[in-house]
Amino acid sequence: MRMSNFFSQTLREAPADAEVVSHKLLVRAGFIRQLGAGIYTLMPLGKRSIDKLEDIMRDEMNSIGGQEIYMPVVHPADLWKETNRWYEIGDEMGRFYDKNNRDMVLALTHEEVVADLVRKEVQSYRQLPRLIYHIQTKWRDDPRPRAGLIRVREFTMKDSYSLDIDEAGLDKQYRAHYQAYFNIFNRCDLPTVAVKSDVGMMGGSLAHEYMYLTAVGEDTLLFSETCGYMANRQIATFQKPAAEKEKVKPIEKVATPGAKTIDDLAKFLDVPTSKTAKAVFMVAKITEGQDEVEKFIFAIVRGDMEVNETKLVNALKAKELRPALDEEIIAVGAVPGYASPIGLKDALVVVDDAIPDSPNLVAGANEDGYHFRNVNYGRDYEAEIVADIAAAQEGDLCPNCGEPMSVSRGVEVGNIFKLGTRYTEALGSNYLDKDGKSKPVVMGSYGIGSGRLLACVAEEHNDENGLIWPMSVAPYHVHIVILRGGEEAAKKIYSELKVDGIEVILDDRDESPGVKFKDADLLGIPIRLTVSERSLKENSVEFKLRREDERKSIPLEKIIEIVKKTKNELVEEISQKVSVMPYDVAN
RNA sequence: CGGGGCGUAGCGCAGUCCGGUCAGCGCACCGCGUUUGGGACGCGGGGGUCGGCGGUUCAAAUCCGCCCGCCCCGACCA
C-alpha cells in the first residue's frame with residue numbers, strides 16, 4: 001500500500017475525549033474513528049488488524065472442530081420471548097418494530113438463534129457433538145461505553161456454541177475452548193489469565209473469563225499470590241473472620257443520637273465495626289413467569305463488610321437491583337440510619353452467612369436516635385435467605401489458602417460459559433438418544449470481542465512514540481520509508497516483497513524525513529526499512545525493528561531475504577508463546 | 001440513572017464571568033518557492049449555522065430557558 005493513497009491520516013494530537021493510551025493511539029494512527037458513544041468505524045488499518053485477529057480465531061476454532069456459520073443481527077422478538085429473555089433483559093436490548101409492527105431485536109448474542117437452528121437441524125444423537133461459530137455484530141446498549149474500543153455498544157464478536165448430548169460432552173468442548181482461547185490470546189501476544197466468573201445474563205453452571213490485567217480495566221479481581229486463586233470481585237469469596245464465641249446476651253435499647261453510619265455508631269458505642277450489623281435497602285425486580293414484581297430487600301452484612309450486589313442478585317435470582325428510595329424504606333417500617341430487621345413488614349430479609357455466627361451485634365431499633373445492642377439472628381429475627389452476599393476486598397483471606405488477597409484491575413477479553421439446557425429446553429431443541437428418548441441438547445457458549453481484543457493488544461504493546469504491533473496482528477509486516485534519492489530502489493524492494501506475500505506500506509509521500517519517521521513509529525509496523533541516497537551510497541538499506549532502537553545496514557541484494565526471514569522469525573516467536581495451560585475448575 | 005466536565009474549522013485550543021472590530025491562534029489542508037535522516041521555512045490561500053431551538057436585547061459565541069451530543073467517576077455491564 002502506498003501511503004500517498006491512504007484513506008486515513010495520522011493526527012498529531014489525540015481527541016480530547018480519549019483518555020486511555022490504546023484509544024489515543026488507535027485514533028492518532030488512523031485505525032479507528034468514532035461515530036457516536038460506543039460506536040466506531042474501523043479504518044483500513046484497523047480493519048486489516050481486526051481481520052488478522054479474526055483469522056487467528058477462525059484457525060483455533062477450526063482446529064477444535066468448529067464450523068463457521070453466519071447468523072443474523074436482526075431477530076424476531078418471538079424467539080427471545082420463548083426463552084423469556086425478551087422480558088428479563090432491560091434497556092440493554094435494542095428493540096424496534098418492523099413495518100408490520102412486529103417486535104424485533106438487535107442481537108445481543110445468539111443463543112436463541114442457535115437453539116432455534118438446533119431444533120430444526122438436530123434430531124438424533126448421531127448428529128452430536130457439534131461446534132458452530134460465527135463472527136458477527138452485536139448491539140448491547142451499555143449504560144456507559146468508555147475507553148475507546150474497550151467498552152462499546154456496537155461490537156463484533158466471535159462466538160461459538162457447542163452442542164452435546166450430555167454434561168460430559170459439554171465438559172470436553174468447554175475444556176477445548178479453555179485451551180483454544182489461551183492459544184488465541186497468546187497468538188496475539190496478549191497475556192491473559194482465566195478466572196471463574198459470574199454467569200450473568202447468560203445463565204448456566206460454570207463460566208470463566210479471560211482477563212487481560214491492566215490498570216485501565218474495569219473489572220476488579222481478587223487473587224492470592226500464595227496459591228494462585230483468582231476471581232472476579234463479582235463472585236470472589238473469602239474466609240470471613242469468625243466472630244468471637246460469646247454467650248447470647250439480652251437485647252438492650254441504647255440511645256445513639258446522630259449515629260447514622262456504621263463508623264459513627266462504632267465510635268459512639270466504642271465497639272469494633274465487626275460487632276455491628278449493616279443494613280442495606282434495595283428494591284429488586286424479580287421475574288415470575290412473564291410478570292415482574294418489585295420486592296423490597298433488606299440486606300444485612302456485618303459492619304466490617306460490604307454488600308456485593310452481584311452476589312445479592314444471584315441469591316435473589318433477581319433481574320435488577322436498585323437502591324431503595326427513602327419513602328420506600330419508611331413504607332416498610334424502617335428508619336433510615338437506624339434500620340432494623342426486627343419488626344419489619346413486607347420486606348424480604350437477606351442476611352450474609354456470617355451473621356448467624358456473629359452474636360450480640362448492634363443493630364438499628366427502627367426508631368430515630370436508637371439502636372439495639374445484642375441483637376441475635378434466630379432469636380430476635382429471621383431471614384428468608386441466608387447466603388454469602390459480602391464483597392471480598394483487598395486483604396480479605398483467600399478461600400483456598402487463607403492468605404490475604406490482593407486486587408488487580410482487568411479487561412475481560414473473552415469468556416466461556418457452560419450453558420447446559422437453559423435455551424434448548426426453552427425452545428424444545430431436543431434430540432433422540434440411543435434409547436429413542438427425547439432429550440434437550442446441552443449447550444456451551446464462548447465469546448471473544450474482536451475490537452476489545454485489538455484495543456487490549458494496543459494497550460499492551462506501545463511506547464511514547466506509538467503502537468508496536470506483534471507481527472501476527474500488525475496491519476502490515478513492513479513499513480518502507482523513502483527518503484530523498486531512495487525512490488527507485490524503494491519501489492523495487494516494495495514490489496519484490498509484495499510478490500513474496502509480504503504486506504508492505506510504502507511511504508512515498510512528499511513529506512520531510514521527520515514526519516515519515518514519526519508516522520512510522522506511530523503506526524507501529526514491526527519492520528521498518530529506510531531507503532535513501534545515504535544508504536544507497538553504501539549499496540544498502542537501513543533495517544530497524546519497531547520494538548528495538550538498533551538500526552542495521554543491510555546490503556541491497558540481501559534485503560528481501562532478511563526481511564522475509566525476520567518476518568518468519570517474529571511469527572515463530574509468537575507461536576512459541578502458545579503452550580498448554582492447566583485446566584483448573586477450582587479456580 | 002446519580003455526580004462532575006465539555007460542545008467555537010478535520011485535530012488541539014483562546015474568546016463566554018464583564019453582550020458591541022471576537023470569528024481568532026497552533027497543527028492539518030490548497031498554491032508557489034526554498035528545504036530534505038526524527039513532527040522544516042517563507043509568501044499567498046480555502047474552510048466555522050460558535051451543538052440545536054426558543055427567549056431577553058438596538059445588538060448574543062457571550063445572558064436566560066428547554067433540548068441534543070460527547071467525556072470522566074459511580075451505579076450497571078461482557
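1. Let's start with the make-up of the surface near RNA strand B in this predicted model. Its residues divide into 24 charged, 14 nonpolar and nine polar. In total, 47 residues surround the strand, and the closest are Glu309, Glu412, Asp521, Ser532 and Glu542. On the RNA side, sugar and phosphate account for 55% of the strand B atoms that come within 4 Å of the protein.

2. Which elements each supply at least two residues of that surface? They are the strands β1 (32-36), β21 (406-420) and β29 (527-531), together with the helices α13 (513-523) and α14 (533-537). Helix α13 gives the largest share of the surface near RNA strand B, with seven residues. If you are finding your way around the RNA, α13 is a handy place to begin, given that share.

3. Three side chains are worth a look, since each meets another part of the RNA strand B chemistry, as follows. For Arg12, a side-chain N or O atom is 2.6 Å from a sugar or linking oxygen of the strand. For Arg146, a side-chain N or O atom is 3.4 Å from a phosphate oxygen of RNA strand B. For Ser532, the partner is a base oxygen of RNA strand B, 2.3 Å from an N or O atom of the side chain. Ser532 also appears among the closest residues named in the opening point.

4. Moving on to helix packing, take α2 (residues 44-63) and α6 (residues 167-187). Their axes come within 10 Å and cross at roughly 150°. An angle over 145 degrees counts as roughly antiparallel, so that is how α2 runs relative to α6. The crossing of these two helices is right-handed. From α2, the contact is made by Ile56, Met57, Asp59, Glu60 and Met61, and from α6 by His177, Ala180, Tyr181, Asn183, Ile184 and Arg187. By type, the residues of this contact divide into six nonpolar, two polar and three charged.

5. Helix α2 has another partner to visit, α11 (residues 450-460). How do α2 and α11 pack? The angle is about 110°, and the axes are 10 Å apart. The two helices are therefore roughly perpendicular to each other. On the α2 side you will find Ser49, Ile50, Leu53, Glu54 and Met57, which meet Ser450, Gly451, Leu453 and Leu454 in α11. The residues of this contact divide into five nonpolar, three polar and one charged. Do notice Met57 of α2: it is listed in the contact with α6 and again in the contact with α11.

6. A further helix pair is α12 (residues 487-499) with α15 (residues 559-575). Their axes come within 10 Å and cross at roughly 45°, which makes α12 oblique to α15. Helix α12 passes α15 in a right-handed crossing. The contact is made by Ile493, Glu496 and Leu497 of α12 and by Ile559, Ile560 and Val563 of α15. Its residues divide into five nonpolar, no polar and one charged.

7. Two details of the backbone deserve a friendly flag before you finish. Where is Pro129? Pro129 sits in the loop between α5 (111-121) and β7 (130-139), and the peptide bond leading to Pro129 from Leu128 is cis, with omega near 0°. The other detail is Asn101, found in the loop between β5 (94-97) and β6 (103-106). Phi of Asn101 is near 70°, a positive value in a residue other than glycine.

Note on methods:
Residues are numbered from 1 along each chain as its sequence is written. Chains are lettered from A and ligands numbered from 1 in the order in which they are written. This is a predicted model: local features need pLDDT of at least 70, side-chain atom pairs count only at pLDDT 80 or more; totals for chains, interfaces and linings use all residues. Side-chain values use heavy atoms; hydrogens and water are left out. A residue is near a molecule or strand if one of its heavy atoms lies within 4 Å of it. A polar contact is a pair of N or O atoms within 3.5 Å; within protein, one must be able to donate a hydrogen and the other to accept it, and residues adjacent in sequence count only if both atoms are side-chain atoms. Helices (H or I, at least four residues) and strands (E, at least two) are DSSP runs, numbered from the N terminus. Ala, Val, Leu, Ile, Met, Phe, Trp, Tyr, Cys and Pro count as nonpolar, Asp, Glu, Lys and Arg as charged, and the others, Gly among them, as polar. Axes are lines fitted to C-alpha atoms, for helices over the stretch in contact, and angles run from 0 to 180 degrees between N-to-C directions. Angles under 35 degrees count as roughly parallel, over 145 as roughly antiparallel, 65 to 115 as roughly perpendicular and the rest as oblique. A crossing is left-handed if the near helix is turned anticlockwise from the far one by less than a right angle, and right-handed if clockwise. Contact means heavy atoms within 4.5 Å.
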